[in-house]
Structure formats: structure tokens, C-alpha cells
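Subject: Structure for your review

Dear colleague,

Please find below the structure that I am handing over to you, together with its sequence. My notes on what was found in it follow directly after.

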Amino acid sequence: MADQLIPRREMQFQLYEVLNTAALCEKPRFEEHNVETFNAVIDMAEKMAEELFLPHNATADKNEPTFDGNKVSMIDDVKIAFDTYRESGFIAGHFDFEDGGMQLPVTVMNACAGYFLAANPSSTAYPFLTAAAANVIKHFASENIKNAFLGKMLTGDFTGTMALTEPHAGSSLADIRTTARPQEDGTYRVKGSKIYISGGEHELSDNIVHLVLAKIPGGPAGVKGISLFAVPKYRLDADGNPDVRNDVTLAGLIHKMGYRGTTSTALTFGENGDCHGYLIGEPHQGLRYMFMMMNEARIGVGYGAAMIGYRGYRYSLDYAKDRTQGRAAPRLAPEDEPTPIINHGDVRRMLLAQKAYCEGGMSLCLYGSMLIDEMETEADSEKRAELSQLLDLLTPVFKAWPSEFGPKANDLAIQILGGAGYTREYPVEQCWRDNRLNPIHEGTNGIQALDLLGRKLWQHEGKGLQVLLSRVTTDMKRAETPRAQVLAGKLKPYLDQLGGLIQQAAADLRSDKQPVLLTNASCFLNIFSSCVVSWIWLRQANVAEQALFNGVSGQDTDFYEGKLAAAEYFLNWELPLVSRDIEVLSSRDATCNNVKASYF
């Protein structure tokens, strides 16, 4: 089936009609680029994704990496795809020219990433993790560490990981036990165990640079005592080339439900007392540094969830157009020809829901990417601070909402294929298995809810929320065409109720009602996210209906009408579902808070 990934018309709409990405070329950082160079890079990404990543996606899923006690092996296609990706310069795409990068906007690089994530999220993980780790080193590491690792990570000669989670601690980073003892030569000896380290061992690159969270003995307790270290698989010789094996041991591969082509590893550091680590930045600041990588990764997780959802949506759409079954009213007689299932109302409902989830998630995360580009290029310090505050506020939404609804889209794709969708002969079941990880990793969605309600809303005296509401109000006022005006009118009462819940939460957090409020944090995240995504759909509807008013024809008419239909579906069908959550929070329902462990 053709066109399984992202239609270029969709990507052009998001980049140039909704976001006006072309305006970034007026900024000094991007002045050497234009729309033609942006599109050329996206063309290359689409071609590589279709020709080198998509074909082995199912093969890598069926033939996951193996470990023979000495080395990890995987199918050859992964190495071929990885090498082509790195040789094309994509790892360094956003990095400065002086670092060997292409100095492209994050928005454009994430547009490219969409094709790889839709085609093959497992193989895509290796270069994506490397770029994120390299960005941490660029921003926080010493010149010595940069000189040792950064250049070769950006070329893909070295890859990177982040090693946070420990077997006993899970998401509770305050309880990590990995230690790093200082040596006279300025290095550290790292000792501990990490688990679920994606890309933690493989033969794709000459070296693997692990970014490891560890505690220096004598430091502050809890998260305030966490430091960050670069710990390579191989130590380097005097010329900067991989030399002797560092004391980093693969304890075993973890076998996952999805993302099977990406090695998931349990690693042991310092089993023989000789694991060399190099402190990044200042002692005890490791969590702050790592959160830069994690926040990037959180947008990436949400975007990846939308793209995997989109792959399933595109496949189920093609299937629904081709598969004939039953008859549609009013032609219900036995002698009438069977009809493609897309003509059945319930199938159209499921397709429209997928479209609303996936194109909503795509637009949401590309908006987050644009905030990063605007922040990096804004000369006015006050405006730059506002962009940073808005980005911080929305990061839990960027991660959690698409990772909640991307798998729901994949579930609907399976349903559309019926019994065929439940078999491994079709790709939609793998899409669901791959996507099911996204609500978990980089901070579970429950953690995102607590982060939003307990911290992000109130940072900088609520400035991020003020900026968000200002932008939402502006777009509601821009809804001057009839259907967009109706959508803005539907959103307003939910925004009003959200405002009341925020005031109530502010009081409850300072009272004995705090435990009940935090127990119900997922309800708040759902309300907040649904309002934000409704706004994102309103932005798309404003553009689409204005285009129709200006006069279009043929496929463009259908494209814009499809946008309006998805926007109307979301605000008519999905947004009202938060009424239950509004009632739970308004009434301070304590059902989940009061239930005791002994009751189960």
C-alpha cells in the first residue's frame, strides 16, 4: 500500500501554513537557509526513511538483537540504515556550522524525524539518542570532554545513551546508588548498575558514550547530590581513538514487547573497579543537565507516538478504501455490490478519530519545536524568558498527550482491519506494540501529571500560564470564519472551567486537601491537555477555513475540508469527555485517595 508515512501535503501545511517556518530564514542563525533548502533536507529524509528504514522495520521486530556473551548482533539492515543516516549529516542537523552541523531549525529537523519515526522507530532510536547526548555535552561539558567526544558523536563514529534508571529505584532518581569517586588525575571511578538503557550495547559505532547519573560520596542527599558523567565504552588513546575497554559490562539484553530492534540493556559499571568517568559541568548539577536531554526527549517521545500512530492511520485508511465488505445504506439488497468499508459510518468514525489524534499530536509537537527555535533566535531577553516559560509549562503535554492518544489511534487501526489487524501479517499490530512504550518512558504520564500540577503551573509566578492564555485568546479572536468561530465558542467554557480548577488547585496545594488533589493529577493533565490540543486544532481550522474562503479547488478543497472535519470531531467528540475529570476535581473526589492497599 502506497503512502504509508506522512503525506508531503500534510507536512507542508504544518510547517508553512500553520507555523510559518519560512519566517525563521529571516533570523541571523538561519539566514543561509531558505524554504528550498528546508524542503531539500525533508526530501532526503523521506527518501531515506522509505528506502532504508521502512523495509526492515518488521524484519528487525522479528529478529531482535542477540547477545552471545561476547558481542551483540543484529540484522545487517540496521547498520546500513544507520551509516547512511550519519553520513548524510542528520545527527548534526541542528548543530552549528562550526561544530560540523547544518544549523537547521529544530522544527525542520523534527519534520525530517517524523518520516524516520513513522518508518522504523527502533532503528531511528540510535542516532536520535546520540544527537540528544551530544547536545548535553555541547552545552555543559568542559572543552576537554567536548574535544574527546562531541565531534565523533556528531559524525556517528561514536553513539550516545543516557543511563538514569537503576533496578531498585525506577523513576525515583533521588534513590540511585551508582557512585563516582574522584581520582587524583581529575577522573572518577564509577560503580553501579543501570537498567533499560536503550542503545546501551551494539556494534553500530566505534564507541558508545554513556551519560551516567551518579553520586559523588559526601555530596548532598537526594536529587541535589546527583552528578553527570561521560562514561565511554572504550577509553581513548593519545590520538583520541578508542583504545582499551572501559569497565562497562553488558549484564544482559532486555526483551521488550515493542521497539524490538533497539537494544535495551542492563549495564554494570565498575564491576572490576576500573570504570573511568568524566564529570560533566559542576558536581551535584547532573539532574539539571540531564533534564535538558530529557525535555528534548519528551517532545521526541510525544512526536514519535504521533508518528507511529500516523503510520497505523495511513495503513488503515488505505485498507479501508480497498477492502470490500457488506453494503452501505441505502444499497442494502443482496444483489447490490459490496462496498469498501470506508463507506461504513463507524469505520469513518474510527478514521476521523485517528486523524484527529495523530495530526493533532504532530501539530502540537511541531509547535513545541518552533518554541525552541523562537527561543534560540530571540534577541529580547524578556521575550526569550516568556518562550522558555511556555516551553517548560507545555513539556508535560508534549510528552503525555500524544503518547496517550497515539496508541489509541493504533488500537483503532487494528479494529478497522478486523481479524487481519490482530495478525502479524499486517503492520498495525507492531505499531501498537511499539507505541505502547511511549506512555512509560522518559517519565510516565502519571509523573507528567504530577510535574504539571505540582510544579510547572506555578513556576515563575505562573508566567508560563499567562503566556499560554494570551496566545490561546489571540487565536480565538482570529477565528473570524463561521466554522472556526463555532469551534472557538465550544472551547471557551472549558477554558473558563480550567481557570476555576487552577484557582482551586492553588488553594488545595497549601491545605490538607493536597493528597486528594495530587491523587487526581491525571484528571487535571487530561483537562489541560485537551484544552491545549483543542487550541492546536483551532489554529489548524483557522488556516484551513480561510484557505477555503480564499478559493481553492480539487484535492486542496478535500484537504482543507478534512482539516475542518478533524477539528470539529475533536471539539465535538473528544473535548466534552473531560467533563468527568472536571467533576472529579471540582468535587474533590477522594475515591482513589482513600482506597487502602489492603482493599485489593
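I begin with Leu468, which, leaving out residues up to four places away in sequence, touches Leu390, Leu393, Leu394, Phe528, Val532 and Trp535. Please bear in mind throughout that the model is predicted. Leu468 and Phe528 are the residues with the most contacts inside the largest nonpolar core, which has 132 residues. Separate from this is a second core of 29 residues, and among its members are Ile137, Ala230, Tyr289 and Met294.

As to the overall fold, the protein contains 19 helices and 12 strands. Its radius of gyration is 25 Å, close to the 25 Å that the globule rule gives for 600 residues, so the protein is as compact as a globular protein of that length. Along the principal axes, the C-alpha atoms fill a box of roughly 80 × 60 × 60 Å. Buried residues make up 56% of the 600 in the protein. When contacts between residues at least 6 apart in sequence are considered, 74% of them join residues at least 24 apart.

Concerning the surface and the charges, the accessible surface comes to about 24800 Å², and carbon and sulfur atoms account for 50% of it. There are 58 positive and 75 negative side chains, with the centres of the two sets 5 Å apart.

Several individual sites may be of use when you inspect the model.

Helix α1 spans residues 8-18 and is mostly covered, with 8 of its 11 residues buried. These buried residues are Arg8, Glu10, Met11, Phe13, Gln14, Leu15, Tyr16 and Val18. After α1 comes Asn20, which has a positive phi, near 55 degrees.

His56 is placed in the loop between α2 (35-53) and α3 (57-62). The relative accessible area of His56 is 1%, and because the cut-off for buried is under 20%, His56 counts as buried. Apart from neighbours within four places in sequence, His56 is in contact with Ile75, Asp77, Val78, Ala81, Asn120 and Ser123.

Phe82 belongs to helix α4, residues 76-87. Its relative accessibility is 2%, and Phe82 therefore counts as buried. With residues up to four places away in sequence not counted, Phe82 touches Tyr126, Pro127, Gly156, Thr159 and Leu204. Of these partners, Gly156 is 74 residues from Phe82 along the chain, and the two C-alpha atoms are separated by 8.5 Å.

Asn542 lies in helix α16, which covers residues 521-550. With a relative accessible area of 12%, Asn542 is likewise buried. Setting aside neighbours within four places in sequence, the contacts of Asn542 are Asp475, Arg478, Ala479 and Ala484. From Asn542 to Met476 the distance is 9.0 Å, C-alpha to C-alpha, while the two are 66 residues apart in sequence.

In short, I would suggest viewing the sites in this order: the core around Leu468 and Phe528, the buried His56, the buried Phe82 and the buried Asn542.

With kind regards

Conventions: Residues are numbered from 1 along each chain as its sequence is written. This is a predicted model: local features need pLDDT of at least 70, side-chain atom pairs count only at pLDDT 80 or more; totals for chains, interfaces and linings use all residues. Side-chain values use heavy atoms; hydrogens and water are left out. A nonpolar core is a set of buried Ala, Val, Leu, Ile, Met, Phe, Trp, Tyr and Cys residues joined through side-chain atoms within 4.5 Å. Buried means under 20% relative accessible area, exposed over 50%, partly exposed in between (1.4 Å probe, protein chains only). Contact means heavy atoms within 4.5 Å. Helices (H or I, at least four residues) and strands (E, at least two) are DSSP runs, numbered from the N terminus. The radius of gyration is taken over C-alpha atoms; the globule rule is 2.2 Å times the number of residues to the power 0.38. Accessible areas come from the Shrake-Rupley method with a 1.4 Å probe; for residues, only the protein chains shown count as cover. Lys and Arg count as positive and Asp and Glu as negative; His and the chain ends are not counted. The place of a charge is taken as NZ of Lys, CZ of Arg, CG of Asp or CD of Glu.
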